[in-house]
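The exercises below ask the reader to study a pocket and a helix in a protein model. Each task is followed by a worked solution.

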Amino acid sequence: MPRRALAEHRPYLLLSLLTGISYYFAADEAIGGLWLMLWKGLGVGFLALYAAHRGRGRDSVLLTAVLALGALGDIVLELSYLVGGALFALGHIIAIALYLRNRRARTSGSQRLAAIALIVLIPAIGALLTYPLPN
């Protein structure tokens, strides 16, 4: 990355870190609903701004959309789990499209094994957490 580009866009990254980390310290304070909701979304929101300013092309647009929907989902989640969840789901669908556009030419054996393990273990762990084993 050219030094000039990093110097021009570093404030977005710094603001993302500051707002993301400071939110957890402010979340239990009496700040007010709307301000706290906005604060919650700013961490990822600043990353979306960084992606929009830094990137070029379709992949950049997709990444910016994923981050923006994540930030918006974080904010709206405080009002409606259904709408916030829908925004997150839409962001995940766009992320899948981004990942499919940038697939590796060849998948190694360890990557296939990891994919199979994830497909088997995630539902199994979810089931164990939902329905604990009897004593």
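The exercises that follow concern a predicted model.

**Exercise 1.** Determine which residues line the largest pocket, and which elements give two or more residues to that lining.

*Solution.*
Step 1. The volume of the largest pocket is about 180 Å³.
Step 2. Its lining consists of Val 44, Val 66, Leu 67, Gly 70, Asp 74, Phe 88, Gly 91, His 92, Ala 95, Ile 96 and Tyr 99.
Step 3. Two or more residues of this lining come from each of helix H3 (57-76) and helix H4 (81-101). The largest share, six residues, is given by H4.
Step 4. Sorted by character, the lining holds seven nonpolar residues, three polar and one charged.

**Exercise 2.** Establish whether the end-to-end distance of H4 agrees or disagrees with its expected span.

*Solution.*
Step 1. H4 has 21 residues, and at 1.5 Å a residue it should span 30 Å.
Step 2. The end C-alpha atoms of H4 are 30 Å apart, which agrees with the expected value.

**Exercise 3.** Identify the buried residues of H4 and explain why they line one face of the helix.

*Solution.*
Step 1. The buried residues in H4 are Gly 84, Leu 87, Gly 91, Ile 94, Ala 95 and Leu 98.
Step 2. Viewed down the axis of H4, these buried residues fall within an arc of 105 degrees, so they line one face of the helix.
Step 3. As a general rule, an α-helix has 3.6 residues a turn, so residues three or four places apart point the same way.
Step 4. H3 is included in what covers the buried residues of H4.
Step 5. Turned away from the buried side, the other face of H4 carries the exposed residues Tyr 81, Leu 82, His 92, Ile 93 and Leu 100.

Conventions:
Residues are numbered from 1 along each chain as its sequence is written. This is a predicted model: local features need pLDDT of at least 70, side-chain atom pairs count only at pLDDT 80 or more; totals for chains, interfaces and linings use all residues. Side-chain values use heavy atoms; hydrogens and water are left out. On a 1 Å grid over the protein atoms alone, a cavity is a set of points where a 1.4 Å probe fits but cannot get out, and a pocket is an open set with protein on both sides within 12 Å along at least five of seven lines; lining residues have an atom within 4 Å of a point. Grid points are joined across faces, edges and corners, and a volume is the space filled by probe spheres set on the points. Helices (H or I, at least four residues) and strands (E, at least two) are DSSP runs, numbered from the N terminus. Ala, Val, Leu, Ile, Met, Phe, Trp, Tyr, Cys and Pro count as nonpolar, Asp, Glu, Lys and Arg as charged, and the others, Gly among them, as polar. The expected span of a helix is 1.5 Å times one less than its number of residues. Buried means under 20% relative accessible area, exposed over 50%, partly exposed in between (1.4 Å probe, protein chains only). The arc is that of the directions from the helix axis to the C-beta atoms. Contact means heavy atoms within 4.5 Å.
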